[in-house]
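Open the model in your viewer and keep the selection panel at hand. The tour goes from the whole assembly to a sheet, and then to the DNA.

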2 protein chains.
Amino acid sequence: MAVPFDPLKLENQICFPLYACAKEIVKAYKPYLDELDLTYTQYITMMVMWEHKELRVKEVGKYLYLDSSTLTPLLKRLEEKGYVARRRSTEDERDLIVSITDAGTALREKARTVPARLAACVELEPQKAAELYQTLYQIIGTLTKKEGNFDQNP
Amino acid sequence: MAVPFDPLKLENQICFPLYACAKEIVKAYKPYLDELDLTYTQYITMMVMWEHKELRVKEVGKYLYLDSSTLTPLLKRLEEKGYVARRRSTEDERDLIVSITDAGTALREKARTVPARLAACVELEPQKAAELYQTLYQIIGTLTKKEGNFDQNP
DNA sequence: CTTAATTTAATCTTGCGCGATTGATTGTAG
DNA sequence: CTACAATCAATCGCGCAAGATTAAATTAAG
């Protein structure tokens, strides 16, 4: 009665729940991020800007694993909303420098309660969360080392 | 010297590595799926079709956590490639029935080696993979039970 | 039987995400 | 100093995702 293991069945995939879970989490953020008029990607971009105040587009991309084709239009939208400023570097005009504005810094206060409210939705035990965190970064490390060097210190 | 825990720092997020990891995995699939002329979403859709042969769009969506606004154009593309057929149900003309074609079934053979080749890229220990699998489905279950009833038996 | 509510796929709009290309700027080799 | 390579941000095309709306078909209620 041994049922042969089928590697092409959806339920035997490890990648599918990862894909689906990421989507569901982004969806869970939506009501909270709507209050801030941010999408999820804009939100994590603001996190990077809250921490670093001023970065080149390239550096933002290193933190988020995104490139200019995604970030350029996204940063323009954040600029329209008034949360960041964009200007060319005078030393090297190829670089575009993104910096946080006062409105961007103020937005951080409005965002303070978001992580806790989301955590309440996810209801994940701290130990499992820690394991998940470690495993995910291990996979990211394995995959990004193969192609492309993601040294986080530019 | 206690550094206060900052819930708005990117490195303190559990959701960000989930989001980034899902993206990197889809990227890792790309070279293998390019050989099949499939995108990742098309690939998991084909998995559902390989298993079930014939489903309504609604049912495909239940398995993949996707709705018609994503699936309708995607299934049309799979139809253009010749891997699925689309027809209205005669009993209930609201339902559109998707069925696997011979070419779709044949594609399964070409896809057989994909899971193993991807697993080789990810290099995840079986025990960690099992933990990850369990945790992800736990989160998906928590999030999808809040809004929307995802009973997989229609 | 007729009207109203429900279900379903399709459509529309917005915003990623990424591969590929472009164009401007800078660095380097001869 | 000049040609060539490298490095950036920006652009383009395509394919998701998801919310909102639409239109057709079916079911339920009066």
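**The two copies**

Select chains A and B. A turn of 180 degrees, with a shift of 0.0 Å along the axis, lays chain B on chain A with an RMSD of 0.0 Å. The two copies are thus related as by a two-fold rotation axis. Bear in mind that this is a predicted model.

Now look at where the copies meet. Of the interface residues of chain B, 100% are also interface residues in chain A, so the copies meet through the same surface.

**The sheet of chain B**

Hide chain A for now. In chain B, 3 strands form an open sheet, and their order is S1-S3-S2. The pairing is antiparallel. Select 54–56 for strand S1 and 84–88 for strand S2 of chain B. Both stand at the edges with a single partner strand each, so one side of each has no neighbour in the sheet. Neighbouring strands here are turned by 25 degrees against each other on average, direction ignored.

Strands of a sheet pair through backbone hydrogen bonds, so turn on the backbone display.

Next, add residues 96–100 of chain B, which make up strand S3. Which strand does S3(B) pair with over 5 bridges? The partner is S2(B), in the antiparallel sense. Pick out two of the residue pairs:

- Arg88(B) has Leu96(B) as its bridge partner in S3(B).
- Arg87(B) has Ile97(B) as its bridge partner in S3(B).

Move to the pairing of S1(B) with S3(B). These strands run antiparallel and are joined by 3 bridges. Select Leu55(B): its bridge partner in S3(B) is Val98(B).

**The helix across the sheet**

Select residues 68–81 of chain B. This is helix H4, which lies across S2 and S3 of chain B. H4(B) runs at about 120 degrees to S2(B).

**The surface near DNA strand D**

Show chain A again, then DNA strand D. Around this DNA strand there are 23 residues. Which of them come nearest? They are Lys23(A), Val57(A), Lys58(A), Ser69(A) and Ser69(B).

Colour the helices that each supply at least two residues of this surface. From chain A, take helix H1 (15–36), helix H3 (57–64) and helix H4 (68–81). From chain B, take helix H2 (40–52) and H4. H4(B) gives the largest share of the surface near DNA strand D, with 4 residues.

Finally, colour the residues of that surface by type. They divide into 11 charged, 8 polar and 4 nonpolar.

Notes. Residues are numbered from 1 along each chain as its sequence is written. Chains are lettered from A and ligands numbered from 1 in the order in which they are written. This is a predicted model: local features need pLDDT of at least 70, side-chain atom pairs count only at pLDDT 80 or more; totals for chains, interfaces and linings use all residues. Two strands pair if DSSP finds at least two bridges between them. Axes are lines fitted to C-alpha atoms, for helices over the stretch in contact, and angles run from 0 to 180 degrees between N-to-C directions. Two residues are in contact if their C-beta atoms, placed from the backbone, lie within 7 Å. A residue is near a molecule or strand if its C-beta atom, placed from the backbone, lies within 6 Å of it. Ala, Val, Leu, Ile, Met, Phe, Trp, Tyr, Cys and Pro count as nonpolar, Asp, Glu, Lys and Arg as charged, and the others, Gly among them, as polar. Copies are superposed by least squares on the C-alpha atoms of residues with pLDDT of at least 70 in both.
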